[in-house]
Amino acid sequence: MLRLLSLSDAPTAVFCATNNMTIGALAALKASSLGVPRDVAVGGFDDYPWADLFEPWLTTVAQPLSPIGARAVQLLLRRISDPAAPVETLRIAALIQHRNSRRCLPEGEPVLSRTQPVHLPGHES
């Protein structure tokens, strides 16, 4: 992250794939005296209970773990009962938890708290 921030065309936003990457990005931004979201917007994957403990609150993409687990069990049980059953590819909607670690908001959209999920358009449950 520090190497990215040292580029002449440094990023204005980062999206972190793991909790450790998020913490590392925030530490690098702090060490570089850059503000979130003033200088760099930050987003992360997986919504974690501590996402709103940071200042600013972290914008995240939340996976619906219970529906994912339930469908996985259903598919596994079907595969056990019928090993020749066709393979299925499923898409389960993710939720964007808009918080104030991003710079821009869609027009008229308020910053949401951790408990107010937003459905990602185009991804059906």
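Start by selecting arginine 71: at a relative accessible area of 28%, this residue is partly exposed. Keep in mind as you click around that the model is predicted.

**Stop one: the partner of arginine 71**

With arginine 71 still highlighted, add glutamate 88 and show both side chains. The two form a salt bridge, and their closest N and O atoms are 3.6 Å apart. Now colour by secondary structure and look at where each one sits. Arginine 71 belongs to helix H3 (65-81), while glutamate 88 is in the loop that runs between H3 and strand E4 (95-97), so this pair ties together parts 17 residues apart in sequence. Glutamate 88 has a relative accessibility of 35%, so glutamate 88 is partly exposed too.

**Stop two: a second arginine**

Leave glutamate 88 selected and add arginine 78. Here is another salt bridge, with arginine 78 and glutamate 88 meeting at 2.2 Å, N to O. Arginine 78 lies in helix H3 and glutamate 88 in the loop between H3 and E4, so this link ties together parts ten residues apart in sequence. How exposed is arginine 78? Its relative accessible area is 31%, which puts arginine 78 in the partly exposed class.

Now show the three side chains together. Because a salt bridge needs a Lys or Arg side-chain nitrogen within 4 Å of an Asp or Glu carboxyl oxygen, the distances of 3.6 Å and 2.2 Å both qualify. Through shared partners, Arg71, Arg78 and Glu88 end up joined in one network.

**Stop three: neighbours in sequence**

Jump to arginine 38 and aspartate 39. Their side chains also meet in a salt bridge, at 2.5 Å from N to O. Try a surface view here: buried or exposed, what is arginine 38? At 59% relative accessibility, arginine 38 counts as exposed, whereas aspartate 39, at 25%, is partly exposed. That completes the set, as the count comes to three salt bridges.

**Last stop: zoom out**

Clear the selection and switch to a cartoon of the whole protein. You should find three helices and five strands, and tracing the chain gives the pattern α-β-α-β-β-α-β-β. For contacts with a separation of 6 or more, 59% are between residues 24 or more positions apart.

Finish by turning on the full surface. The accessible surface comes to about 8200 Å², and carbon and sulfur atoms account for 61% of that. Of the 125 residues in the protein, 28% are buried.

Notes:
Residues are numbered from 1 along each chain as its sequence is written. This is a predicted model: local features need pLDDT of at least 70, side-chain atom pairs count only at pLDDT 80 or more; totals for chains, interfaces and linings use all residues. Side-chain values use heavy atoms; hydrogens and water are left out. Buried means under 20% relative accessible area, exposed over 50%, partly exposed in between (1.4 Å probe, protein chains only). Helices (H or I, at least four residues) and strands (E, at least two) are DSSP runs, numbered from the N terminus. Contact means heavy atoms within 4.5 Å. Accessible areas come from the Shrake-Rupley method with a 1.4 Å probe; for residues, only the protein chains shown count as cover.
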